[in-house]
Amino acid sequence: MANNERNDLDTVKQRFSLKRELEYFFGALRFFTRLPVPKWVGHSSDALNSAARYFPAVGLVVGAIAALVFIAANQIWPMTLAVLAAIASSIFLTGAFHEDGWSDMVDGFGGGWEKAQILSIMKDSRIGSFGAVALIVLLLARFLALVEFDPLIIPAVLLAAHTLSRFASTTLLRCLDYVRDEGKAKPLATRIGWRELGFAALTALLPLLLLPPFEALLGCLFAALATLWLARMFRRQIGGYTGDCLGATQQLSEVAFYAGLLCSFS
């Protein structure tokens with residue numbers, strides 16, 4: 001009887017743990033995308049903080065949908081339009097959340113001279129000349145990079161890039177401090193643990209297995225360099241990160257990943 005009760009208790013704990021992890025994942029999905037989530041998923045800052053390890057998994061979902069859009073569009077349109085459709089689908093899914101962070105970050109660091117001024121500019125909802133130009137260049141670089149790939153490999157590239165780039169921004173949660181008293185990213189302000197970061201890294205690694213090893217390694221190297229450069233700038237000029245900094249890191253590391261994949265030494 002005691003063994004049966006113990007087994008029932010273990011089953012309940014496992015079910016509770018699975019539901020909790022699903023809540024974390026869906027919480028991250030709701031925060032970073034427009035995709036619907038089950039109604040039983042609650043709103044909690046603590047839960048969102050615990051969901052940080054699922055940020056690359058959100059990228060996996062976004063990348064998979066973008067890849068499916070590309071495959072479908074490529075059946076009826078030229079590859080250039082199919083690539084544009086894939087990019088547009090990812091932007092729609094996230095509500096341009098990360099692109100907005102990129103433009104705000106460039107505006108802040110491009111127009112500000114000290115921490116308070118940089119943070120004030122980034123908080124302004126209006127886009128400035130620095131941010132507008134940077135956003136155009138970034139979107140153009142993303143498009144021009146993707147059209148250089150063989151159409152057969154583009155779905156795998158999209159899957160890997162969206163997943164890895166979100167891992168890149170997740171690393172800031174481990175290495176830097178959140179510098180605002182409030183903001184959209186405030187629930188993420190607690191530093192992620194090594195175990196959670198390891199889980200996020202494993203998620204980011206899986207799609208890379210679909211790509212040629214050497215090219216994938218170069219892509220990771222370029223993405224890492226972009227992330228390190230931004231992290232150093234964030235720490236030096238404002239002492240940490242904001243939500244815009246996370247979005248900017250995702251955007252630049254994604255493009256850097258494409259650039260690494262396309263490296264040619266011939």
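**Pockets, a cavity and salt bridges in a predicted model**

The second largest pocket has a lining of 16 residues, and Ala168, Thr171, Ala224, Thr227 and Leu228 are the ones nearest its centre. The structure is a predicted model. The space in this pocket comes to about 300 Å³. Two helices, α8 and α10 (213-238), each contribute at least two residues to the lining of the second largest pocket. Of these, α10 has the largest share, with nine residues. By residue class, the lining of this pocket consists of 12 nonpolar, two polar and two charged residues.

The enclosed space is described next. The structure has one cavity of 30 Å³ or more, and the volume of the largest cavity is about 40 Å³. Its lining is made up of Ser90, Thr94, His98, Glu99, Arg142, His162, Arg166, Gln250, Gln251 and Glu254. In the lining of the largest cavity there are no nonpolar residues, six polar ones and four charged ones. At least two lining residues come from each of α4 (79-94), α5 (97-111), α8 (154-175) and α11 (243-261). The helix that gives the most to this lining is α11, with three residues.

Two of the residues that line the cavity, Arg142 and Glu254, are also partners in a salt bridge. Their closest N and O atoms are 3.8 Å apart. Arginine 142 belongs to helix α7 (residues 129-146) and glutamate 254 to helix α11, so the pair ties together parts that are 112 residues apart in sequence. Arginine 142 and glutamate 254 are both buried.

In the whole structure, the search finds five salt bridges. Side chains of opposite charge can pair when their charged atoms come close. Another group of such contacts is centred on a shared partner: salt bridges join Arg20, Glu21 and Arg53 into one network. Within this network, the side chains of arginine 53 and glutamate 21 form a salt bridge with an N to O distance of 2.9 Å. Arginine 53 is in the loop between α2 (45-50) and α3 (55-73), while glutamate 21 is in helix α1 (residues 2-32), so this pair ties together parts that are 32 residues apart in sequence. Glutamate 21 also meets arginine 20 in a salt bridge, at 3.8 Å from N to O. As for accessibility, arginine 53 has a relative accessible area of 13% and is therefore buried. Glutamate 21 has 19%, so glutamate 21 counts as buried under the 20% cut-off. Arginine 20, at 33% relative accessibility, is partly exposed.

Helix α4 and the loop after it hold two further features. On the surface, Ile76, Trp77, Leu81 and Leu84 make up a nonpolar patch whose accessible area is about 420 Å² together. One member of the patch, leucine 81, is located in helix α4. The relative accessible area of leucine 81 is 39%, so leucine 81 is partly exposed. Alanine 96 is found in the loop between α4 and α5. Most residues other than glycine have a negative phi. The phi of alanine 96, by contrast, is positive, near 55 degrees. Alanine 96 is partly exposed, its relative accessible area being 26%.

Definitions and conventions: Residues numbered from 1 in each chain as written. Predicted model: local features only at pLDDT ≥ 70, side-chain atom pairs only at ≥ 80, totals over all residues. Heavy atoms only, no water. 1 Å grid on protein atoms, 1.4 Å probe; cavity = no way out; pocket = protein on both sides within 12 Å on 5 of 7 lines; lining within 4 Å. Points joined across faces, edges and corners; volume = space filled by probe spheres on them. Helix = DSSP H or I, 4+ residues; strand = E, 2+ residues; numbered from the N terminus. Nonpolar A, V, L, I, M, F, W, Y, C, P; charged D, E, K, R; others polar. Patch = residues over 30% accessible without salt bridge, like charges linked within 9 Å, V, L, I, M, F, W, Y side chains within 5 Å. Areas by Shrake-Rupley, 256 points an atom, 1.4 Å probe, with all protein chains shown as cover. Salt bridge = Lys/Arg side-chain N within 4 Å of Asp/Glu carboxyl O. Buried < 20%, exposed > 50% of the residue type's maximum accessible area, 1.4 Å probe, protein only.
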